[in-house]
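Please work through the exercises below with the sequence and the coordinates open side by side. Each task is followed by a solution that proceeds step by step.

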Amino acid sequence: MEITENTGHPRRWAILGVLVISLLVVVLDSTILNVTLRTLADPVHGLGASQGELEWAINSYTLVFAGLLFSFGVLGDRTGRKRFLLIGLAVFGLGSLLSAYAQSPAQLIAARALMGVGGAAIMPVTLSIISNVFDPRERARAIGVWSGAVGLAVAIGPILGGVLLERYWWGAVFLINVPVVLVGLVLVGALVPESRDPRPGRVDVLGVLLSVVGLVALSYGIIDGGEHGFGRPVVWASIAGGLAVLAWFIVHERRSDHPSLDVTLFRVPRFAAPVAMIGLIFFAAMGVMFFSSFYLQLVRGYSPLQTGLLFLPFALAQLFFAPRSAAMVRRYGGKAVSAVGLSLSVIGLGTFAFIGADTPIWVVGIAFFVQGAGMANVMPPAMESIMSSLPREKAGVGSAVSNTIRQVSAALGVAVLGSVLAAVYRGEIGAATEALPAGARDAADESITGAYAAAGRLGADGPALIDAANTAFVHAMHWAGALSAVVAALGILVVLRWLPGRPPRPEVTRVTAGEPELAATS
């Protein structure tokens, strides 16, 4: 007699714990470096890195990570997800070790790029494995835990970095990854089953190359434009070239009989709407996290550790609400939960349009908490909608697309909101720097960090310059905060127009005795 059984792996919850550990090191590293930049610039206690070298220490990781996410998700599905996860952990651990003991900024930049290769192999296959080992009835809950781990790691990174810098040398922020990776390798090898697409077909080599080249070129243009301005031809050449290559990729995928990505999926609202929603919310959120760090450390004068602790409300909101989001979706539907989550995010992000230099700090903490609660109720229904629109054996496609959109949107958010911040700041600070010596004026006009550095050399005139820089920065932050809220609000329109109201009932697999439960090999 046929009976309805749970088709999930017997050790699925232990496997989820291992995957969360693997994911934590990747996401932590994307934020932990921010609190280390001042130390790295010190020629005695750091590497004496210039401002440009510090920017590339961050961006070499982001560019490689974003450029390889899509192709690595696809290749993981084809060649074996467990194998790819083990390789990714090993590469990430090696990159972390090399970063910790880098002797020059150039070595650090190269080691960070290697970490990006490992991270790009780890992140997409974690979600693919979750989709493979969990029954559809439990998958939403598992994805909620996964999403909560992402949000928690984003906020923990600055806190952990501040703690390590108070006790050890700067390399500790990278070296801490190594023991975690070693534990992850042992647990993945012991617990995680191997799985892959049972009908892999031929590898779309041209498609993989086009996706990598296009995403790297586009990401480079976005990030470099945000750092140095969009007025240079090389920036627009990179952006235009990246878009052209991605357009070629789409044309190639539509014509190929063995595509890496079925582009017709974007005609399906259950797939396309949450992808757009993820892009918009990460554009807005990562841009705000970028400029809020400068606000807290410079305008308000908090240390790196104190700044990290002020992000804790965001982490706590993620930790509390993300695991409960799946139950909310079952009760009210993905459209309602996503719309409420995005609305909360708009409120949290929009608060920065009204925060001043003397605003009580608890107001900032509440804004971070509301933003975290909102994002906790956006990501789980979005990821569940994406993954449920694809068969299990194609899980890597959904994972790769969503994570690539997340990374590219985050880079674009930092670039665009950073450019708005810089432009308004320069317009506001100009009157206060006209009488300064040329070197001090140029530094103060460039950024608030430059103004603080110039003020240290001006003696009695320094405090006046700092006050002017703080006022200009806060005014610029208001514009950037308002723009971030508008972008997040566009996500609400996407949800209301295209996201289905109620998820379909999960398909329950009927199995008979002796029939395998998963299309996977142990």
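The exercises that follow concern a predicted model, beginning with the whole chain and then turning to individual elements.

**Exercise 1. The chain as a whole**

Task: Establish how many helices and strands the protein chain has, and what percentage of its residues is buried.

Solution: Begin with the secondary structure, where the protein chain shows 20 helices and four strands. Next consider burial, for which the 522 residues of the protein chain give a buried share of 54%. Then turn to the surface, where the protein chain exposes about 21,100 Å², with carbon and sulfur atoms supplying 67% of that area. Finally, look at how the contacts are distributed along the sequence: of those with a separation of 6 or more, 82% are between residues 24 or more positions apart.

**Exercise 2. The course of helix 13**

Task: Determine where the kink in helix 13 is centred, and compare the reach of this helix with the expected value.

Solution: Start with the length, since helix 13 has 21 residues and reaches 29 Å from its first C-alpha to its last, which is close to the 30 Å expected at 1.5 Å a residue. Follow the axis next, and a kink of about 40 degrees appears, centred on Ser325. Just after helix 13, Gly333 takes a positive phi of about 95 degrees.

**Exercise 3. The surroundings of Ser325**

Task: Decide whether Ser325 is buried or exposed, and list the residues it touches beyond its sequence neighbours.

Solution: First place the residue, which is found in helix 13, spanning residues 312-332. The relative accessible area of Ser325 is 0%, so this residue counts as buried, given that buried means under 20%. Other buried residues of helix 13 include Phe314, Ala315, Ala322, Ala326 and Val329. Leaving out residues up to four places away in sequence, Ser325 touches Val337, Ala376, Asn377, Pro380 and Pro381. Two of these partners, Pro380 and Pro381, are among the buried residues of helix 16. As nine of the 10 residues of helix 16 (residues 379-388) are buried, this helix is largely enclosed by the rest of the structure.

**Exercise 4. A nonpolar patch**

Task: Identify the residues that make the nonpolar surface patch of about 420 Å², and find which helix gives the most to the patch.

Solution: The members of the patch are Leu309, Leu312, Leu316, Leu319 and Phe369. Helix 13 gives the most, with three residues. Phe369, by contrast, lies in helix 15 (residues 361-376). With a relative accessible area of 35%, Phe369 is classed as partly exposed.

**Exercise 5. Thr36 and Ala432**

Task: For Thr36, find which residues are in contact with it beyond four places in sequence; for Ala432, find how far its C-alpha atom is from that of Asp445.

Solution: Take Thr36 first, which lies in the loop between helix 1 (12-32) and helix 2 (37-41). Thr36 counts as buried, because its relative accessibility is 0%. Setting aside neighbours within four places in sequence, Thr36 is in contact with Leu165, Trp170 and Val173. Along the chain, Thr36 and Gly46 are 10 residues apart, while their C-alpha atoms lie 9.3 Å apart in space. Now take Ala432, which lies in helix 17 (residues 395-433) and is partly exposed, with a relative accessible area of 41%. The C-alpha atoms of Ala432 and Asp445 are separated by 9.4 Å, although the two residues are 13 residues apart along the chain.

Notes: Residues are numbered from 1 along each chain as its sequence is written. This is a predicted model: local features need pLDDT of at least 70, side-chain atom pairs count only at pLDDT 80 or more; totals for chains, interfaces and linings use all residues. Side-chain values use heavy atoms; hydrogens and water are left out. Helices (H or I, at least four residues) and strands (E, at least two) are DSSP runs, numbered from the N terminus. Buried means under 20% relative accessible area, exposed over 50%, partly exposed in between (1.4 Å probe, protein chains only). Contact means heavy atoms within 4.5 Å. Patches are made of residues with over 30% relative accessible area and no salt bridge: like charges are joined within 9 Å, nonpolar side chains (Val, Leu, Ile, Met, Phe, Trp, Tyr) within 5 Å. Accessible areas come from the Shrake-Rupley method with a 1.4 Å probe; for residues, only the protein chains shown count as cover. A salt bridge is a side-chain nitrogen of Lys or Arg within 4 Å of a carboxyl oxygen of Asp or Glu. The expected span of a helix is 1.5 Å times one less than its number of residues. The bend at a residue is the angle between axes fitted to the seven residues ending there and the seven starting there.
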